[in-house]
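Work through the three exercises below. Keep the sequence and the structure in view.

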Amino acid sequence: MDSLTQALLGAALQGTVLGRIQGRRSLLYGAALGTVPDLDVVIHYADPVSQMTYHRGFSHSLFVLTGLALLLAWLVNWLAQRRWPARGATLPRLFLAFWLVLVTHPVLDAFTVYGTQLFWPLPFTPLSWAAVFIIDPLYTLPLLVAVVYAAIRGPAGRALRLLSLALAFSTAYLGFGVASRMAAEHRFEAALDQQGIVVIAVRAVPFAFNSLVWRVLAKTADGHYYEGISSGFDRDPPEMQYLSRNPELSKALAGVPLHERLRWFTDDWLRYDEVDDALVVSDLRMGIPGNYTFRFNMAHRDSLGHWVADVPSRWRGSQAGSMFNGHDLALIWRRILDQQPPLPLAAWTARYLGQQAATGQLQSGH
């Protein structure tokens, strides 16, 4: 999730475990330590696919962070025994605090859709439980209130109880997100089943800043997918559209290592489009219909019309901020409670992907 949330989570955890020993400094130390796993962003890779797929890698590994927590606990305990022996810090308590602060960072990241390599260097598909959006005020605000209160009053007594309550609420909120995602997937599958449509994979992802309205994707065996919207307040079947992932275009990238890595990282939730003689690969998991956050130019046609693989580059307009169109977000938030009128899925797809890329789409309201 965002750096502010990770810092607040780290502060709340270390304040809860070590607040009586370190005082207000526990909040500062925890906030700093809670952002350490994201220091991998300072590593610059040669292309955006590598930048995307190596982020949340070794620095988010439970194995690496457990070792780091043990090393930090030993160093701090060694220093404390010599300089502050009366403060009562013990190696097990220090390790517990540092371990919780460090490992909850990647675990929280795994509750978003991006993909987190919790078990690096083991080659498992990155985990993305998609329970919360990368920025969610309902998760962050209780932690912010508790940490600010503890900073003012000191992490003891009522402040410690408030920190514990904020941590309990944040954990419960993640559970609510997982349950909401599963319910959205179930509603979507049920709507497809009623039409006799067989799919091979379904996944829901939250829209911006909330866990109440979901974008749901469902793959078919013939290389197409359904994309639709589902809210826990729905009374009617979700609106959806039927699109092609254009898998035949993926043959141009057969054997290209970065393409294979991207397929692994996204669990093959990819769409391929030919736009202006360029082969554009889109990660379907993030964004709004048609306006996907990660789109890469990965090949071009030569003078003979043959595909030539390129060093990947960002496709124009594909960036995290592109999904925060105020008008689109207002429609999405209205959709939480009201299914009518349905969201303009086909119009969004045509607008953002382009008429050529959107060819073959079919709007379905049932």
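The exercises cover one residue, one helix pair and one pocket.

This is a predicted model: local features need pLDDT of at least 70, side-chain atom pairs count only at pLDDT 80 or more, and totals for chains, interfaces and linings use all residues. Residues are numbered from 1 along each chain as its sequence is written, and side-chain values use heavy atoms, without hydrogens and water.

**Exercise 1.** Place N77, and decide: buried or exposed?

Step 1. Find the element: N77 sits in helix α4 (residues 62-83). Helices are DSSP runs of H or I, at least four residues, numbered from the N terminus.

Step 2. N77 is buried because its relative accessibility is 15%. (Buried means under 20% relative accessible area, exposed over 50%, partly exposed in between, with a 1.4 Å probe and protein chains only.)

Step 3. Leave out residues up to four places away in sequence; N77 then touches A89, T90, L91 and L94. (Contact means heavy atoms within 4.5 Å.)

**Exercise 2.** Describe how α2 and α5 pack.

Step 1. Helix α2 spans residues 25-34 and helix α5 residues 91-110. Their angle is about 40°, and their axes lie 9 Å apart. (Axes are lines fitted to C-alpha atoms over the stretch in contact; angles run from 0 to 180 degrees between N-to-C directions.)

Step 2. List the residues: α2 gives G30, L33 and G34, while α5 gives F98, V101, L102 and H105.

**Exercise 3.** Which residues lie nearest the centre of the second largest pocket?

Step 1. Count the lining: 14 residues. (On a 1 Å grid over the protein atoms alone, a pocket is an open set of points where a 1.4 Å probe fits, with protein on both sides within 12 Å along at least five of seven lines; lining residues have an atom within 4 Å of a point.)

Step 2. Nearest the centre are Q22, Y29, V76, W84 and F98.

Step 3. Elements giving two or more residues to this lining are α1 (3-22), α2, α4 and α5.
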